[in-house]
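Biologist: I would like to learn how to read a protein model step by step. Could you show me the model first, and then take my questions one at a time?

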Amino acid sequence: MHGQTPSRTKWRGRAFANRSAALRSRGGASAQRFNAATRDRARSAYSSLTPRDVVIRHQWLFAAHWLQESVDEIEDDRLDYNKREERVRNARVDALREIWTEKGFDGIRVLTAASGAAGTIGWHLADGVIDEGTFSGFLTRCLAVTDPALGIKLDELLGDYFRKLSHDYRLAAARAVVGSLPPDQICRLLKAMPFERDTWLLVDAQESAVRDGYWSAIHPGYLHPESPDLNEAVDRLLEAERPRAAFHVVHMDLDNVETSRLKRLLEHVGTRNVEPAGSYRLDPYHVSEALRTLNGRSGVTRDEMARLEFLFVSALDRTEHGIPNLERQIVESPRLFVQVLALAFKRSDDGQDPPEWRVQNDEQRRALALAAYTLLGRIRRIPGTDDSGKINAADLKTWVTEARALCLELGRTAIGDQMIGQVLSVAPVGADGVWPCEPLRDVLEDIASREIAAGMGIAVYNARGIHRIEENAGDERELAAKYRAWARKLGFAHPYVATLVEEIAARYERDAERVISDAAVRRRLRQ
């Protein structure tokens, strides 16, 4: 709220200039008709109507953090934004001094209750309005307020007041009163102080009820990128079972989070769901950045990265990091592929899965099933692919054969073949310009599974996503022609694969015929 950066100041200056220009344009010529005499009369009327009560008189200065411009300021093309900010600050400090002098704490309490910017009041109270000798009394009276709505505003006021104070004075002021307060007020005081190590040490010195109350309710802000407290904040918030709050604290400075802590943080965020629903929502971009940061570090295995990618698989779609480690493990391990398949789909027989694959908790089982299903649809690497991107036909066939054998053993033959077909559907075009590539053609021809063909066809069709079909169905006819041409080239050497590709072409052709027929009916009805 305070201590604005130069870039933010420039931005607000441009916004102010744009708004001023718009308001001048909206007023047009009528704004020019206010002559000096009219303005003097208006100012005189305003002066005579000024409230005598000091709080009401200055309340407008604290209605919101941003103070609305006056007509004079709107019409002034040469207004210096920085000087205006300084005038507003001085006006607010003078108003608070007047209120404090005439009415003391009661005046500040009434002002805060009516304000929409309690933090602004606290920030400017720290500009020398309340001296050191009276601050302890002011602080204890703020904490003694029991009205919930006003208490929240006063806590906001104290938070900005403390942030404005020097580090040493802030700690001294807190230590001076903490021993005389009841536990609930101590907790409020500590939560109002900056989220930093010296505050945490003060929390450590309190009884367990205060410590637990602080760590369970504190709303931590961002720490400075160079803060030495960054890693300790992660440790303390994880100990309090608040992993999402910990991620919120460090998500803008992940490079400075120590490796073992970042691994533990992501593990807890992905597996522990004890924080209130909706609090500290995770942004896929920041999750991706955390995994990207961790991926290149020493001391992090591919297995660990794959596990973390699985925990966040639903959030990593269309992110920069994606699921490279998890994807690679699955296409290298048929057993892992089938284990993921088993999480997403039930058996078709009465058999039992291996004990280590069973999940007893219903909620966890549903969450894992959704994550597994999502993962199966996001694999974009063909089994048997080496580091150079070349697909080895023997390795591919071994993977498919072993995966099918495991699916048969675990009662998932049909759905297993369909999901294998879905994985294989992302194969590239071959060196001869025909899809699928040569290694996959040979494997498919040897196996000749109808369910694999069905899985590949469905996956190819769905890969287009949501799209519009024009009345002439030009795109569909073009796709049908492309796949049919490939099918013809495959017909002699790979008849099974040619049939698979021809079925894809026929599906696009059926779509085209349906759209063209519907369009013709609509045209006749309009005639």
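Biologist: Which helices are included in what covers the buried residues of helix 6?

Modeller: Before I answer, please keep in mind that this is a predicted model. To read the cover of an element, one looks for contacts, that is, heavy atoms within 4.5 Å. Here the cover over the buried residues of helix 6 includes helix 5, helix 7 (132–144) and helix 8 (148–164).

Biologist: How many residues of helix 6 are buried, and which are they?

Modeller: A residue is called buried when its relative accessible area is under 20%. In helix 6, which runs over residues 118–125, 8 of the 8 residues are buried, so this helix is largely enclosed by the rest of the structure. The buried residues are Ala118, Gly119, Thr120, Ile121, Gly122, Trp123, His124 and Leu125.

Biologist: Let us step back to the whole chain. How many helices and strands does the secondary structure come to?

Modeller: The secondary structure comes to 26 helices and 0 strands. The radius of gyration of the chain is 34 Å, well over the 24 Å that the globule rule gives for 527 residues, so the chain is more spread out than a compact globule. The C-alpha trace, taken along its principal axes, spans about 100 × 70 × 40 Å.

Biologist: What percentage of the residues count as buried, and what share of the contacts joins residues 24 or more positions apart?

Modeller: Of the 527 residues, 45% count as buried. If we take the contacts with a separation of 6 or more, 71% of them are between residues 24 or more positions apart. As for the outside, the accessible surface comes to about 28,200 Å², and carbon and sulfur atoms account for 51% of it.

Biologist: How far apart are the mean positions of the positive and negative charges?

Modeller: One takes the mean position of each kind of charge and then the distance between the two means; for the 75 positive and 78 negative charges of this chain, that distance is 6 Å.

Biologist: Which residues have the most contacts inside the largest nonpolar core?

Modeller: That core has 139 residues, and those with the most contacts inside it are Leu125, Phe138, Phe195, Phe337, Trp435 and Tyr483. The helix that gives the most to this core is helix 5 (residues 81–114), with 9 residues.

Biologist: Let us follow one of these residues. What does Trp435 touch?

Modeller: When residues up to four places away in sequence are not counted, the residues that Trp435 touches include Met456, Val460, Tyr483, Trp486 and Leu490. The backbone deserves a look here as well, since the peptide bond from Trp435 to Pro436 is cis, with omega near 0°. Pro436 itself lies in the loop between helix 22 (413–424) and helix 23 (438–447).

Biologist: Where do Tyr280 and Ala448 lie, and what is the phi of each?

Modeller: Tyr280 lies in the loop between helix 15 (259–271) and helix 16 (284–295), and its phi is positive, about 50°, although Tyr280 is not a glycine. Ala448 lies in the loop between helix 23 and helix 24 (450–462), and Ala448, also not a glycine, has a positive phi of about 50°. As for their surroundings, Tyr280 is buried, with a relative accessible area of 18%, whereas Ala448 is partly exposed, at 41%.

Biologist: Is Glu232 buried or exposed?

Modeller: Glu232, which is found in helix 13 (residues 230–239), has 18% relative accessibility and counts as buried. Leaving aside neighbours within four places in sequence, Glu232 is in contact with Arg197 and Trp200.

Biologist: What separates the C-alpha atoms of Arg141 and Asp106?

Modeller: Distance along the chain and distance in space are read separately: Arg141 and Asp106 are 35 residues apart along the chain, and their C-alpha atoms are separated by 9.6 Å. Arg141, found in helix 7, is partly exposed, with a relative accessible area of 42%, and touches Phe105 and Asp106 when residues up to four places away in sequence are not counted.

Biologist: With which residues is Leu282 in contact?

Modeller: Leu282 lies in the loop between helix 15 and helix 16 and is partly exposed, with a relative accessible area of 32%. Apart from neighbours within four places in sequence, Leu282 is in contact with Arg244, Phe247, Val269, Val287 and Phe312. The C-alpha atoms of Leu282 and Asp184, 98 residues apart along the chain, are separated by 31 Å.

Methods: Residues are numbered from 1 along each chain as its sequence is written. This is a predicted model: local features need pLDDT of at least 70, side-chain atom pairs count only at pLDDT 80 or more; totals for chains, interfaces and linings use all residues. Side-chain values use heavy atoms; hydrogens and water are left out. Helices (H or I, at least four residues) and strands (E, at least two) are DSSP runs, numbered from the N terminus. The radius of gyration is taken over C-alpha atoms; the globule rule is 2.2 Å times the number of residues to the power 0.38. Buried means under 20% relative accessible area, exposed over 50%, partly exposed in between (1.4 Å probe, protein chains only). Accessible areas come from the Shrake-Rupley method with a 1.4 Å probe; for residues, only the protein chains shown count as cover. Lys and Arg count as positive and Asp and Glu as negative; His and the chain ends are not counted. The place of a charge is taken as NZ of Lys, CZ of Arg, CG of Asp or CD of Glu. A nonpolar core is a set of buried Ala, Val, Leu, Ile, Met, Phe, Trp, Tyr and Cys residues joined through side-chain atoms within 4.5 Å.
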